[in-house]
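Reader: I am new to this structure and should be grateful for a close look at a single part of it. Please begin with one residue and the residues around it, and then place that part within the whole.

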Amino acid sequence: MNASEHIDDFPTKSPFKKLRATYNPKKKPPVEGVRKTSNWHITPTRRRWLSIMSDDKNAQGEGNKQENEEVLASMSDRNEGGTMVRWRGHLVSEKEAKILKHVFDDMRDHFGNRKCENPNIKFNFDPSLFLCKNEPYTYRSHPETTPQDRWHGELDFTYTINNETYDMDYIAIDNVYFDLNPKYDDTGKQIKDYGHSWIYVYVPDEVMKKVKQYFYTGTGWSPSDEGLTDDLNAELVSIPAKVYPAPNPEPSFWTRDKEEKEKLSFTRVGSVQSVAKDAEYQKIHRGIGVFAISADVPGSESRKPTPEHEDAQLMFTLISARTFGPAIAVAPVVYGPRLRSSTSGN
């Protein structure tokens with residue numbers, strides 16, 4: 001993964017100066033029921049894209065007829081083309097290969113990049129009825145005892161490249177922070193799902209505002225702050241980002257190749273789940289995040305919500321993390337007294 005011409009787009013150190021040793025916000029998602037890992041529903045198209053982004057294959061060449069037919073059967077018709085090519089070992093259409101190269105190889109149209117203040121992306125969102133009380137996949141940051149009916153939708157994104165449009169399920173955000181520190185509840189017990197089905201990602205406040213602005217401009221829905229926590233001192237927004245666990249394709253974790261001084265390249269070291277178990281990686285890492293976004297809006301079986309009367313809750317799923325190294329100065333979110341007591345003097 002090379003992008004030598006973008007070597008100066010990313011600051012070598014965190015741009016945030018006013019940081020505390022720990023970050024213990026008053027409004028945190030409750031530990032119980034924050035994420036449910038069972039029975040997540042993923043469409044064949046989404047599963048295919050997850051597999052593409054989580055893998056590290058470098059095979060070249062075209063697939064055989066049977067493989068072509070299998071891939072075409074699982075593809076949406078948005079970017080479907082007659083000619084199939086390889087992108088990192090995966091069989092994709094020519095049009096899909098162009099958008100993948102544009103976003104992931106050439107690192108274009110990333111939010112939070114110094115040279116791309118206004119990415120050429122349009123957000124698209126069309127919610128459908130989603131009954132939380134009967135649905136095991138409840139990606140709610142603040143679950144209620146008897147949750148109201150919700151309308152839910154997966155966002156897709158239209159990129160404009162050289163006056164042509166390309167659709168994809170993901171966006172990339174630069175200079176974010178992935179918190180792989182273990183988390184503990186208020187009793188000092190380790191939160192088992194943390195690092196397995198969700199992690200905190202810290203996004204610069206100004207970048208999150210830009211993402212929200214794009215969501216509103218593209219969809220007409222006003223985004224709420226539900227599930228997000230502001231650290232005004234650090235100018236960061238904490239996102240409880242979902243990560244798909246096995247048997248789904250797990251999100252990939254990459255580290256920068258330190259020996260490469262003249263160009264920006266990364267090596268895949270495993271999945272987010274695997275590195276989160278390794279003490280060597282249990283820290284905060286700065287890098288580039290690739291995300292899928294979904295949104296929930298309140299409604300009912302008899303009433304479809306409208307942007308004029310309801311706000312939408314944005315929810316992020318981490319698909320891939322490419323990291324530059326540890327971010328020593330950034331403060332992690334802490335829950336329990338075990339972590340707070342160790343830094344009580346700061």
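Author: The account may begin with Phe123 in this predicted model. Beyond its neighbours within four places in sequence, Phe123 is in contact with Phe111, Leu155, Asp156, Phe157, Ile171, Val211, Tyr214, Phe215, Gly218, Thr219 and Ile293. Phe123 also belongs to the largest nonpolar core, which has 79 residues, and together with Tyr170 it touches the most other members. The most is given to this core by strand β15, residues 284–298, which contributes eight residues.

One of the contacts of Phe123 is Ile171, and this residue is found in strand β8. Ile171 counts as buried because its relative accessibility is 0%, where the cut-off for a buried residue is under 20%. When neighbours within four places in sequence are set aside, the contacts of Ile171 are Phe111, Ile121, Phe123, Phe157, Tyr159, Gly289, Val290, Phe291 and Ile293. Phe111, Phe157 and Ile293 are therefore among the residues that appear in the contacts of Phe123 and in those of Ile171. Ile171 and Phe104 lie 67 residues apart in sequence, while their C-alpha atoms are 9.7 Å apart in space.

From Ile171 the description can follow its strand to a neighbouring one. Strand β8 covers residues 171–179 and pairs with β9 in the antiparallel sense, over three bridges. In this pairing, Phe178 stands opposite Val201 of β9. Strand β9 also pairs with strand β12, residues 236–242, again in the antiparallel sense and over seven bridges. Here Tyr200 has Pro240 of β12 opposite.

Strand β9 itself merits attention. It runs over residues 198–204, and seven of its seven residues are buried, so the strand is largely enclosed by the rest of the structure. In a regular strand, side chains alternate between the two faces of the sheet. In β9, Trp198, Tyr200, Tyr202 and Pro204 point one way, whereas Ile199, Val201 and Val203 point the other way, and all of them are buried.

It remains to place this part within the whole chain. The chain contains six helices and 16 strands. Of its 346 residues, 54% count as buried. Among contacts between residues at least 6 apart in sequence, 75% join residues at least 24 apart. The chain exposes about 16200 Å², of which carbon and sulfur atoms supply 45%.

Terms used
Residues numbered from 1 in each chain as written. Predicted model: local features only at pLDDT ≥ 70, side-chain atom pairs only at ≥ 80, totals over all residues. Heavy atoms only, no water. Core = buried A, V, L, I, M, F, W, Y, C linked by side-chain atoms within 4.5 Å. Buried < 20%, exposed > 50% of the residue type's maximum accessible area, 1.4 Å probe, protein only. Helix = DSSP H or I, 4+ residues; strand = E, 2+ residues; numbered from the N terminus. Contact = heavy atoms within 4.5 Å. Pairing = 2+ DSSP bridges. Areas by Shrake-Rupley, 256 points an atom, 1.4 Å probe, with all protein chains shown as cover.
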